[in-house]
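Work through the exercises below with the structure at hand. Try each task before reading its solution.

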Amino acid sequence: MRILQIHNFYKVPGGECGVVEAERRLLEEHGNTVLQFAVDSREIDSMPLLKQGLAFVQIPWNVGVARRLVSFVHKHRPDVVHVHNVFPLLSPSVYHALSRSGVSVVQTVHNYRFLCPNGLFYVKGKVCEACQEQSYWAAVKNCCVHESMITSALYASAVAWGWRSGTFSSCIDRYIALNSFSFGKLVAAGVPKDKVRVCGNFVSNFSEAPPAKQPYALYLGRLSAEKGLKTLLAAAGSVPELSLKLAGTGPLEADLRRAIGVPGMEHIELVGHVAGETKRRLIAEALCTAAPSECYENFPLSVVESLALGTPVIASRIGGLPELIEHGQTGLLFSPTDTESLAECLRRIVRRPTDTAAMAACALATARVRFSPQCHLDQLLGIYRDAMSHTERNAKAKGERTQQQSVAFRR
């Protein structure tokens, strides 16, 4: 199969960018040809100021990108196009360009940008669905994107126009939701149910068996408010027998450093950004990892990476997280923002070693079944074929309508 990936790589690469590259490798390893039409937001900083301004105002619709994409598709003739992210440099104009080219389009919904201009459903320290309940201009009022009214207005315009023009509902053949929570949000927003398929992410590295554990819990991810780190620190402070390592960087780093620098918090440490073998070892040797998010998490790779290395996960019951963790089997679930409930989970992990070991073994066994590359590949290729069949049926129906109109005209 000949597949075209479309992606706007982020200025700060994250899990989504890793998924794009991992899928490319997986598809190529199994005999498929993968092309990329991609841009990188890191290019913005090196642009002249005038070009930066032009890129900025074209967030809702980039005519130049649409023209280049039409030429690219006509030249390379892909069987299917898989779109991952179009913001900020590509814009929703890519969908109309692809629709005009008559190629099948699949869109993975990595975050909630189609429904919420900042992609999180989280503003000013709490879950927010004002754009769905009122209008997308709520994002402008709340300065949801980069705390800027102008930037928020541009993103809100892009999302609002995508729905009102029918672009998101008619120019995309199949949506990939990473879980049933995301599926429900898309359908509620107006995507036809028969256009949405559920297919989560995958991991390639699995432990042979749960490794020897060390007495610490691990948080791995962005250090930001929506991740529930203040709740995690408050809970961990009451469980001194279990060390806590915080791996990552982000806007809360200075606040967290001050919070753990007081008496009674000596068992908590910031370890900074980790990657490669260091990251793998930290996850594998932890008694558990923690995902205490207070926003609608979609499909955090840190969670499935933990399960694949035989490390149970303590996660909040929000967004897609409860679909990744089976309470008492592969980890533990607690109510978001509930400090005492999270503290009790941490105590259970450290004080019931037999149960924790059983969860570690179950986490690994479950991950091998649910998140394997082969399972993901089979699902993904099935969605591609489904999208291609949908495009073919639509083209045939359009041709029949045109023929009928021609006959009626001659009469």
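Three exercises follow, on a model that is predicted.

**Exercise 1.** Determine whether Q5 is buried or exposed, and find its side-chain partner.

Solution.
1. Locate the residue: Q5 is part of strand β1 (residues 2-9).
2. Apply the cut-off: buried means under 20% relative accessible area. The relative accessibility of Q5 is 1%, so Q5 counts as buried.
3. List the contacts beyond four places in sequence: Q5 is in contact with V20, E23, R24, V34, L35, Q36, F37, H82 and H84.
4. Pick out the polar contact: the side chain of Q5 pairs with the side chain of Q36 at 2.8 Å.

**Exercise 2.** Describe the largest nonpolar core and name the helix that gives the largest share of it.

Solution.
1. The largest nonpolar core has 81 residues.
2. Those with the most contacts inside this core are L4, I6, L69, Y95, L98 and Y175.
3. Helix α7 (residues 149-164) supplies the largest share, seven residues.
4. Another core lies apart from it and has 30 residues, among them V239, A290, I314 and C345.
5. Take I6 as an example: beyond four places in sequence, I6 touches residues including F37, L69, V81 and L98.

**Exercise 3.** Classify the packing of helix α14 against helix α15.

Solution.
1. The axes of α14 (residues 339-351) and α15 (residues 353-370) are 5 Å apart, at an angle of about 95°.
2. Angles of 65 to 115 degrees count as roughly perpendicular, so α14 is roughly perpendicular to α15.
3. R348, I349, V350 and R351 of α14 meet P353, T356 and M359 of α15.
4. The residues of this contact are four nonpolar, one polar and two charged.

Note on methods: Residues numbered from 1 in each chain as written. Predicted model: local features only at pLDDT ≥ 70, side-chain atom pairs only at ≥ 80, totals over all residues. Heavy atoms only, no water. Axes fitted to C-alpha atoms, helices over the stretch in contact; angles between N-to-C directions. Helix = DSSP H or I, 4+ residues; strand = E, 2+ residues; numbered from the N terminus. Parallel < 35°, antiparallel > 145°, perpendicular 65-115°, else oblique. Contact = heavy atoms within 4.5 Å. Nonpolar A, V, L, I, M, F, W, Y, C, P; charged D, E, K, R; others polar. Core = buried A, V, L, I, M, F, W, Y, C linked by side-chain atoms within 4.5 Å. Buried < 20%, exposed > 50% of the residue type's maximum accessible area, 1.4 Å probe, protein only. Polar contact = N/O pair within 3.5 Å; in protein donor to acceptor, adjacent residues only side chain to side chain.
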